[in-house]
Amino acid sequence: MSKISVALLLAAIAATATNGFSVPSPSSTAEINNNAKLKSDLLQRIQKLRILKERDGDFSIDFGVKGGEIDKKTRAPQKVDFYTISEDVGKAADEVMDITSELEKCSPTDYPTQFLGDKEQGKKAPLNGEWKLLFTTAADANFSKNSKRGSASVKNVVDACRGSITNVIDFQGGSSAEETDDDDATPSAKKEPLVKSLNVVIGAKAASKSRVGLQFKYAKVVFSRFFGLKQQWNLYIPVPAPLITRLIVFFSRVFRFGKKVDKKVPPKAYFDVLYLDDELRIQRTGEDNLFVQAKPTWKDAVP
């Protein structure tokens, strides 16, 4: 075997061992540099958007249909309009989405759903691991301090071995000074929220090389107090999605007997992976909501 062949073989082994799975690399140094620049630009645009939202305000989204979180007809997450905050915020959000479109054209991973649901090789799956949310157009994943839901951090944990995804929402406490009207209370003092966190567990299955089919399993609500006592406890809420869908269709027909009924069953939940490497993940859901997520190991990405 020639020295060149040996060198190439060793390089391939090293590339595979680095992340536990082999991610196809861009074919040239120019493409690598282009991806790095686009990712850097993306983070800068997201930071610009955050600064403008601090200046001009944020969404005031609350739970349910009335709160603007869920669509009245489809019961799917609403898509936010950044221009309702200000024109500057709207343009900044457009800049973020423009860069995601550019990154979509040069994703280095050809098979994002590989090993998803594989008990033996799931840890090698490109999607496996924890992903923190940087940007989204989905109303149900946008949280701010000026709403009843309050501010929160959002992350997404993929367990590829089990074929599951857990959406984790950690709610942040409000200022004690604000809630008690105590002039002496310090701004740093925080009151722990009643709902400490919400975990939504979803079954995930590869529908294609880049599409992930979803089936909601259950939600776990973590409370910080129990009838006024400071005692953490969990409430598990089953979400049998297929059964609920059937019941909705059945009862709509019963109560609208003799009338024309739309028999179209709600579409199955899914998301398409638009860009994926070992630091950045960009996806679009069936409701056309965009998500930009980063691995905690990407130190430049601050949620």
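Over which residues at the start of the numbering does pLDDT stay under 50, and how many contacts beyond four places in sequence does the model have for them? The stretch is residues 1-22, with nine such contacts, where pLDDT is the predictor's confidence in each residue, from 0 to 100, and contact means heavy atoms within 4.5 Å.

This is a predicted model, in which local features need pLDDT of at least 70 and side-chain atom pairs count only at pLDDT 80 or more, while totals for chains, interfaces and linings use all residues. Residues are numbered from 1 along each chain as its sequence is written, and side-chain values use heavy atoms, with hydrogens and water left out.

The protein averages a pLDDT of 78, and 67% of the residues score at least 70. The two stretches where pLDDT stays under 50 are set out below.

| Residues | pLDDT | Contacts beyond four places in sequence |
|---|---|---|
| 1-22 | under 50 | nine contacts |
| 175-189 | under 50 | 14 contacts |

Where pLDDT is low, the predicted coordinates should not be read in detail.

The secondary structure comes to five helices and eleven strands, taken as DSSP runs numbered from the N terminus (helices H or I, at least four residues; strands E, at least two). Of the 303 residues, 36% are buried, that is, under 20% relative accessible area with a 1.4 Å probe and protein chains only, as against exposed at over 50% and partly exposed in between.

Helix α3 covers residues 87-104 and reaches 26 Å from its first C-alpha to its last, close to the 26 Å expected at 1.5 Å a residue, the expected span being 1.5 Å times one less than the number of residues. Its buried residues include Val89, Val96, Ile99 and Leu103, and the buried residues of α3 pack against α2, β1, β9, β10 and β11.

Leu103 is also among the members that touch the most others in the largest nonpolar core, which has 28 residues; such a core is a set of buried Ala, Val, Leu, Ile, Met, Phe, Trp, Tyr and Cys residues joined through side-chain atoms within 4.5 Å. To this core α2, α3, β1, β9, β10 and β11 each supply at least two residues. A second, separate core of 14 residues includes Ile165, Ile202, Ala204 and Val212.

Leu280, another of the well-connected members of the largest core, touches residues that include Leu42, Leu103, Trp131 and Val292, not counting those up to four places away in sequence. Thr285 lies in strand β10 and counts as buried because its relative accessibility is 15%. Beyond its neighbours within four places in sequence, Thr285 is in contact with Tyr270, Phe271 and Phe291.
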